[in-house]
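Here are my notes from a pass through this model. Have it open in your viewer while you read.

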Amino acid sequence: MERKIPTLDLKRNYTRIKEEIQVALNEVLESQYFILGPSVKNFEDEVSSYLEGAQAISCASGSDALYLALMALGIKEGDEVITTPYSFFATVSCITRLGAKPVFVDIDPCTYNFDLDQVREKLTPKTRAIIAVHLFGQMVPLEGIVEDLEERGIVIVEDAAQAFGSWRKVSNDIKRAGAWGTMGCYSFFPTKNLGGYGDGGMVVSSNEALASRVKTLRVHGAGTTYIHEEVGLNSRLDALQAAVLRVKLRHLDEWNEERRLVADRYKTLFAEYDLLDKIQPPYELDGNYHIYHQYVPRVMQKREELSEYLATKGITTRVYYPLCLHLQQCFAFLNHKEGDFPVAEGLSRESLALPIFPELTEDEQVYIASAIRDFFRQK
Ligand SMILES: *Cc1c(COP(=O)(O)O)cnc(C)c1O
């Protein structure tokens with residue numbers, strides 16, 4: 001049986017919404033309004049109401065969103081920003097690009113997100129912000145640190161690139177990923193849960209002054225056309241992308257729910273096949289509505305061999321992330337070494353992302369789980 005199961009199959013998703021997408025793109029083409037304009041404005045308003053109020057300012061990528069957010073906060077040389085060593089590169093490059101210092105803390109072995117007790121230990125008078133990454137769609141329980149940070153005037157920036165649509169229940173409140181901290185950042189890279197057909201990103205904030213500063217910074221720091229208050233970027237969301245994203249936003253909650261079903265099925269299958277001592281399903285923190293941007297179990301032994309074996313069966317897997325950020329060559333000036341963040345480093349040796357997307361079928365999951373069982377039987 002020749003099967004091919006990619007980690008993500010965007011074509012299947014496109015098939016579901018093809019007509020809607022074509023209508024939406026056509027509307028932009030007929031208008032010939034490509035930069036900002038109604039398509040972008042409508043998308044921003046729709047996100048804003050999805051988030052129940054925070055202002056939404058779209059931009060060219062998730063990386064730019066993080067950079068714009070820190071720029072708007074005035075992060076600069078001499079400042080410290082605490083974050084995780086286990087994330088995509090852009091979480092940290094936004095800090096160093098502004099001359100500030102990234103301060104890493106290790107991650108929680110269950111949630112894969114940074115450990116808030118360690119964040120608390122690293123607060124200094126130089127700390128200006130923390131960047132909380134909701135990795136793989138699992139939210140950081142920020143309620144544990146919000147007050148401490150507020151007292152000290154330290155800002156929370158959420159890197160919600162992998163968490164559009166995640167939420168967390170705190171007492172009787174629903175905290176939505178990206179709209180909890182002072183600023184939140186999203187990416188619309190095609191593989192994200194809310195992904196465009198090209199690059200895109202967004203900053204959200206309920207703080208009027210910060211939101212308006214991001215708006216100015218994305219158009220070269222010009223509050224009024226050709227009148228520049230400061231030096232910003234050229235970083236806007238394309239109107240065609242906004243049209244695609246408006247269609248997809250309407251379906252997002254349904255797709256996230258389908259991803260959760262996929263995650264659930266994996267867990268059931270691994271238990272049924274007696275694999276739980278070999279492969280540890282990702283954990284869902286109590287109170288979290290995890291949206292499984294990636295499904296990343298730990299493979300306690302023989303990860304590389306398992307991955308190669310699955311490839312021979314037509315199953316693609318990925319490693320997020322093979323090298324922690326504190327060990328990247330471009331951050332060598334921070335003087336970290338192997339062993340500094342053992343939990344994150346351990347995860348980089350054990351994590352294996354399995355295929356997950358809303359359209360993945362039960363039949364395919366049975367095939368994947370059986371292949372994993374066969375691999376460990378032979379060992
Ligand atoms: C994807 C991603 C980004 C960057 O987004 P781009 O749109 O690719 O620039 C930032 N942080 C995290 C955690 C991401 O997954």
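The points below go from the domains to the pocket, and then to a few individual residues and a helix.

1. First, a caveat: this is a predicted model. The domain assignment splits the protein chain into domain 1 (10-246) and domain 2 (252-378). Their C-alpha centres sit 25 Å apart. Across the boundary, 43 residues of domain 1 are in contact with 46 residues of domain 2.

2. Where does the largest pocket lie? It lies between domain 1 and domain 2, because both of them give residues to its lining. If you're thinking about a docking box, the volume comes out at about 530 Å³.

3. On the lining: 32 residues line the largest pocket, and the ones nearest its centre are Phe88, Phe189, Thr191, Lys192 and His293. Sorted by class, the lining holds 14 nonpolar, 13 polar and five charged residues. Helix H3 (62-72), helix H4 (90-97) and strand S8 each put in at least two residues. The largest share, three residues, is from H3.

4. Lys192 deserves its own point. The UniProt record, an unreviewed entry, puts the feature "active site" at Lys192, and this residue is also among those nearest the centre of the largest pocket. So I'd treat the label as the record's, with the caution that UniProt annotations may be inferred rather than shown by experiment.

5. Is Lys192 buried or exposed? Its relative accessible area is 14%, and the cut-off for buried is under 20%, so Lys192 counts as buried. In the fold, Lys192 is found in the loop joining strand S8 (183-187) to strand S9 (201-205). Setting aside neighbours within four places in sequence, Lys192 is in contact with Ala161, Ser187 and His293. Of these contacts, His293 also appears in the group nearest the pocket centre.

6. Next, Val40, in helix H2 (residues 37-50). With a relative accessible area of 1%, Val40 is buried. Which residues does Val40 touch, not counting those up to four places away in sequence? They are Ser58, Leu237, Asp238, Ala239 and Ala242. For a sequence-versus-space check, Val40 and Val203 are 163 residues apart in sequence, and their C-alpha atoms are 13 Å apart.

7. Last, helix H10 (residues 342-350). Its buried residues are Ala344, Glu345, Gly346, Leu347 and Ser348. Among the elements covering these buried residues are strand S14 (298-299) and helix H9 (303-312).

Terms used
Residues are numbered from 1 along each chain as its sequence is written. This is a predicted model: local features need pLDDT of at least 70, side-chain atom pairs count only at pLDDT 80 or more; totals for chains, interfaces and linings use all residues. Side-chain values use heavy atoms; hydrogens and water are left out. Helices (H or I, at least four residues) and strands (E, at least two) are DSSP runs, numbered from the N terminus. Buried means under 20% relative accessible area, exposed over 50%, partly exposed in between (1.4 Å probe, protein chains only). Contact means heavy atoms within 4.5 Å. On a 1 Å grid over the protein atoms alone, a cavity is a set of points where a 1.4 Å probe fits but cannot get out, and a pocket is an open set with protein on both sides within 12 Å along at least five of seven lines; lining residues have an atom within 4 Å of a point. Grid points are joined across faces, edges and corners, and a volume is the space filled by probe spheres set on the points. Ala, Val, Leu, Ile, Met, Phe, Trp, Tyr, Cys and Pro count as nonpolar, Asp, Glu, Lys and Arg as charged, and the others, Gly among them, as polar. Domain bounds come from an automatic or database domain assignment.
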